[in-house]
Amino acid sequence: MKWIALILTFAAGSTTLASEFCPSAEDYQAHGWVVHNSQDFAKLEKTFDAMLTDGQQKGQIVDDLSGHMVVGDLDNKEIMLVVKSYEDLRTPQDLMYGDHATYTHIETKERVELRWFNGKKNVVINPKYIKCITGQPPFAENAIL
């Protein structure tokens with residue numbers, strides 16, 4: 001019985017530690033990412049939208065993958081995000097898989113994080129919703145997610 005209590009205590013503690021873990025900007029930078037200041041989110045979102053819209057209208061950027069993920073918000077409450085990636089057909093496949101990605105709050109429809117590739121991997125978060133980049137840097141060097 002003591003072992004079960006010990007295991008349950010460890011599991012609860014591990015979950016707490018995992019939910020408080022925040023990948024640092026340095027981790028992303030060490031993997032070749034440009035981590036933008038979150039205070040620039042609104043400005044960068046406009047630039048991102050213009051780039052995405054222009055590419056889609058010209059048939060150069062197409063929908064790629066989509067899915068959902070759960071992250072902790074500023075109060076460490078879980079929020080559901082819709083994650084969507086876009087492929088820029090001008091970028092060689094071996095250079096980058098999925099050149100643009102949006103992480104959108106499922107309820108408010110506001111973007112929480114943006115990622116894009118323009119010769120360098122870029123990421124910016126919306127400080128209104130989260131304090132950290134969602135998840136670890138991608139394992140593959142040529143992946144945006």
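This passage walks through the strands, the nonpolar cores, the salt bridges and a few surface and loop details of a predicted model.

A good place to start is with the strands and who sits beside whom. Strands β2 and β3 run antiparallel to each other and are joined by 10 bridges. One of the facing pairs puts Asp63 across from Tyr86 of β3. The two strands make up a hairpin with 5 residues between them, and Asn76 in that hairpin has a positive phi near 60 degrees. Asn76 belongs to the loop between β2 and β3, and the positive phi is worth a second look, since this residue is something other than glycine. As for its surroundings, Asn76 has a relative accessible area of 43%, so it counts as partly exposed.

Further along the chain, β5 and β6 are also antiparallel, this time with 5 bridges between them. Here Arg115 faces Val123 of β6. These strands form a hairpin too, with 3 residues in between, and the turn holds Gly119, whose phi is positive at about 100 degrees. Strand β6 has another partner: β1, covering residues 33-35, pairs with β6 in the parallel sense through 3 bridges. Within that pairing, Trp33 has Lys121 of β6 as its bridge partner.

So how enclosed is β6 itself? All 5 of its 5 residues are buried, so the strand is largely enclosed by the rest of the structure. Lys121, Val123 and Ile125 point one way, Asn122 and Val124 point the other way, and every one of these residues is buried.

Next come the nonpolar cores. The largest has 17 residues, and the members that touch the most others are Leu81, Ile130 and Ile144. Four strands each put in at least two residues: β3 (78-88), β4 (100-105), β5 (111-117) and β6 (121-125). Of these contributions, the most comes from β3, with 3 residues. Ile144 gives a feel for how the chain comes together here. Setting aside neighbours within four places in sequence, Ile144 is in contact with residues from several stretches of the chain, among them Trp33, the run Met96, Tyr97, Gly98, Asp99, His100 and Ala101, then Arg115, Trp116 and Phe117, and finally Pro138. There is also a second core, separate from this one, with 9 residues that include Phe41, Leu44, Leu52 and Trp116.

Charged side chains add their own set of links, and 8 salt bridges turn up across the whole structure. One of them joins Asp88 and Arg90, with 2.8 Å from N to O. Asp88 is buried, because its relative accessibility is 7% and the limit for that label is under 20%. Another salt bridge links Glu113 to Arg115, at 2.6 Å from N to O, and both of these residues are buried as well. Elsewhere, Glu45, Asp49 and Arg111 are joined into one network by salt bridges that share partners.

The pair of Glu110 and Lys128 reaches further along the chain. Their closest N and O atoms are 2.9 Å apart, making a salt bridge. Glu110 sits in the loop between β4 and β5, while Lys128 is in the segment after β6, so this pair ties together parts that are 18 residues apart in sequence. Glu110 is partly exposed, because its relative accessibility is 29%.

Right beside Glu110 in the numbering is Lys109, also in the loop between β4 and β5. Its phi is positive, near 65 degrees, and this is again a residue other than glycine. With 61% relative accessibility, Lys109 counts as exposed.

Finally, the surface has a nonpolar spot of its own. Val70, Met80 and Ile106 make up a patch there, and together they have about 210 Å² of accessible area. Val70 belongs to strand β2, which covers residues 61-72. Its relative accessibility is 45%, so Val70 counts as partly exposed.

Note on methods:
Residues numbered from 1 in each chain as written. Predicted model: local features only at pLDDT ≥ 70, side-chain atom pairs only at ≥ 80, totals over all residues. Heavy atoms only, no water. Core = buried A, V, L, I, M, F, W, Y, C linked by side-chain atoms within 4.5 Å. Buried < 20%, exposed > 50% of the residue type's maximum accessible area, 1.4 Å probe, protein only. Contact = heavy atoms within 4.5 Å. Patch = residues over 30% accessible without salt bridge, like charges linked within 9 Å, V, L, I, M, F, W, Y side chains within 5 Å. Areas by Shrake-Rupley, 256 points an atom, 1.4 Å probe, with all protein chains shown as cover. Salt bridge = Lys/Arg side-chain N within 4 Å of Asp/Glu carboxyl O. Pairing = 2+ DSSP bridges.
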